[in-house]
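User: Hi! I'd like to go through this fold with you before I head back to the bench. Mind if I fire off some quick questions?

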Amino acid sequence: MITRDVTITNNVGLHARPATFFIQKANSFKSSIWVEKEDRRVNAKSLLGVLSLGIVKGMTITLIADGNDEAEALEGLATLIDSGFAE
């Protein structure tokens with residue numbers, strides 16, 4: 001199991017369209033992946049779970065992955081977040 005902290009840089013945070021891109025990317029990996037904000041942890045492959053965290057611009061979240069492709073999963077998700085979801 002590995003973790004990585006990332007800061008949300010796009011203007012709307014992880015809402016609607018960006019969250020959809022995020023979970024699609026998470027679902028492309030076999031590892032179990034979670035998003036943690038403060039004391040709440042949700043499945044990164046669940047749109048409702050990710051949206052329920054209310055992640056906005058400037059927030060730092062922790063990505064957690066456990067599985068055969070965990071390093072690749074966190075790198076892929078962090079790259080997506082760092083790109084600002086092409087917004």
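User: Let's start in the sheet. How do β2 and β4 pair, and over how many bridges?

Analyst: Happy to help! Keep in mind that this is a predicted model. β2 and β4 run antiparallel to each other, with 5 bridges between them. One spot to look at is I33, which stands opposite A65 in β4.

User: And what's the strand order in the whole sheet?

Analyst: The order is β1-β4-β2-β3, an open sheet of 4 strands with antiparallel pairing. At the edges you find β1 (2-7) and β3 (40-43), each of which pairs on one side only. From one strand to the next, the twist averages 25°.

User: Does anything pack on that sheet? I mean, which strands does α3 touch?

Analyst: α3 packs on the sheet and touches β1, β2 and β4 (60-66). The direction of α3 makes about 5° with that of β1.

User: Okay, back to the strand pairs. How many bridges join β1 and β4?

Analyst: There are 6 bridges between β1 and β4, again in the antiparallel sense. T7, for example, has T60 in β4 as its bridge partner.

User: Is β4 mostly covered or mostly open?

Analyst: Mostly covered: 5 of the 7 residues in β4 are buried.

User: What about β2 and β3, how are they connected?

Analyst: They form a hairpin with 2 residues between the strands. In the turn, E38 has a positive phi of about 55°. Strand β2 (residues 32-37) pairs with β3 in the antiparallel sense over 4 bridges, and V35 has V42 in β3 as its bridge partner.

User: Which β2 side chains are buried, and which are not?

Analyst: They alternate along the strand. I33, V35 and K37 point to one face and are buried, whereas S32, W34 and E36 point to the other face and are not.

User: A lysine on the buried side, noted. What does I33 touch, away from its own stretch of sequence?

Analyst: Quite a list! Setting aside residues up to four places away in sequence, I33 touches A26, V42, N43, A44, K45, I64, A65, A73 and L77.

User: So how many residues are in the largest nonpolar core, and which have the most contacts there?

Analyst: That core has 25 residues, and those with the most contacts inside it are L14, F22, I33, V35, I61, L63 and I81. At least two residues each come from α1 (16-27), β2, β4 and α3. α3 gives the largest share, 6 residues.

User: Changing topic: E70. Where is it, and is it buried or exposed?

Analyst: E70 is in helix α3 (residues 70-82). E70 is buried, yet it has no salt bridge.

User: How far away is the nearest side chain of opposite charge?

Analyst: That is K45, which is 12 Å away; a salt bridge would need the charged atoms within 4 Å.

User: Then what is E70 in contact with?

Analyst: Beyond its neighbours within four places in sequence, E70 is in contact with M1, I2, S31 and A65.

User: Last one: where does G84 lie, and is it buried or exposed?

Analyst: G84 lies in the segment after α3. G84 counts as buried because its relative accessible area is 8%, and the cut-off for buried is under 20%.

User: Which residues is G84 in contact with?

Analyst: T9 and N10, leaving out neighbours within four places in sequence. G84 and V12 are also worth a look: they are 72 residues apart in sequence, with their C-alpha atoms 9.6 Å apart in space.

Definitions and conventions: Residues numbered from 1 in each chain as written. Predicted model: local features only at pLDDT ≥ 70, side-chain atom pairs only at ≥ 80, totals over all residues. Heavy atoms only, no water. Buried < 20%, exposed > 50% of the residue type's maximum accessible area, 1.4 Å probe, protein only. Lys, Arg positive; Asp, Glu negative; His and termini not counted. Contact = heavy atoms within 4.5 Å. Pairing = 2+ DSSP bridges. Axes fitted to C-alpha atoms, helices over the stretch in contact; angles between N-to-C directions. Core = buried A, V, L, I, M, F, W, Y, C linked by side-chain atoms within 4.5 Å.
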